[in-house]
Amino acid sequence: MSAQKMREVVRQIQGMPAARAQVVLEVVPRKGARLVAKTLKSAIANAEDLKEHKKEYAGLRTERLVIKEALAQTASTLRRFTPKARGSAGPVLKRHCHVKIVLSDE
């Protein structure tokens with residue numbers, strides 16, 4: 001999915017508490033919302049895992065996680081071609097993006 005389409009979804013959840021953002025993403029009728037929800041769920045699970053296994057994160061309050069930063073940046077683009085009239089070909093750009101979500105308990 002293109003970064004431009006994904007940014008529309010990511011901007012909606014920036015600064016929200018993580019639990020509320022999950023609820024919001026469930027009702028957003030876009031394909032990008034499902035992908036961002038999956039990334040957010042993974043980020044929350046990573047925070048809980050850090051709290052459990054790393055001593056320096058023992059004081060992390062996972063129930064108060066807030067989305068500090070949410071980005072959708074462009075990635076590589078696959079170039080494909082589709083047949084056109086009179087034997088020519090037209091380009092098809094299959095765009096990709098990287099979704100980054102940073103959580104904080106402050």
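Arg30 is partly exposed in this predicted model, because its relative accessibility of 34% falls between the cut-offs of 20% for buried and 50% for exposed. Have a look at what its side chain does: Arg30 and Glu8 meet in a salt bridge, with 2.9 Å from N to O. This contact ties together distant parts of the chain, since the two residues are 22 residues apart. Glu8 belongs to helix H1 (residues 3–13), while Arg30 sits in the loop between helix H2 (18–27) and helix H3 (31–53). Side chains of opposite charge can pair when their charged atoms come close. Glu8, like its partner, counts as partly exposed, with a relative accessible area of 39%. If you search the whole structure for salt bridges, you find one.

Now let's move along the chain to Ser104, in strand E2 (residues 89–104). Is Ser104 buried or exposed? Its relative accessible area is 14%, so Ser104 is buried, as the cut-off is under 20%. Setting aside neighbours within four places in sequence, you will find Ser104 in contact with Arg64, Leu65, Val66 and Lys68.

Ser104 also leads us to the largest pocket, where it is one of the lining residues, as is its contact Leu65. Rolling a probe the size of a water molecule over the atoms shows where empty space is left. In the largest pocket, that space comes to about 180 Å³. Helix H3 and strand E2 each supply at least two residues of the lining. Among the lining residues are Ala43, Asn46, Tyr57 and Ile101. What classes of residue make up this lining? Nine are nonpolar and two are polar, with no charged residues.

Methods:
Residues are numbered from 1 along each chain as its sequence is written. This is a predicted model: local features need pLDDT of at least 70, side-chain atom pairs count only at pLDDT 80 or more; totals for chains, interfaces and linings use all residues. Side-chain values use heavy atoms; hydrogens and water are left out. A salt bridge is a side-chain nitrogen of Lys or Arg within 4 Å of a carboxyl oxygen of Asp or Glu. Helices (H or I, at least four residues) and strands (E, at least two) are DSSP runs, numbered from the N terminus. Buried means under 20% relative accessible area, exposed over 50%, partly exposed in between (1.4 Å probe, protein chains only). Contact means heavy atoms within 4.5 Å. On a 1 Å grid over the protein atoms alone, a cavity is a set of points where a 1.4 Å probe fits but cannot get out, and a pocket is an open set with protein on both sides within 12 Å along at least five of seven lines; lining residues have an atom within 4 Å of a point. Grid points are joined across faces, edges and corners, and a volume is the space filled by probe spheres set on the points. Ala, Val, Leu, Ile, Met, Phe, Trp, Tyr, Cys and Pro count as nonpolar, Asp, Glu, Lys and Arg as charged, and the others, Gly among them, as polar.
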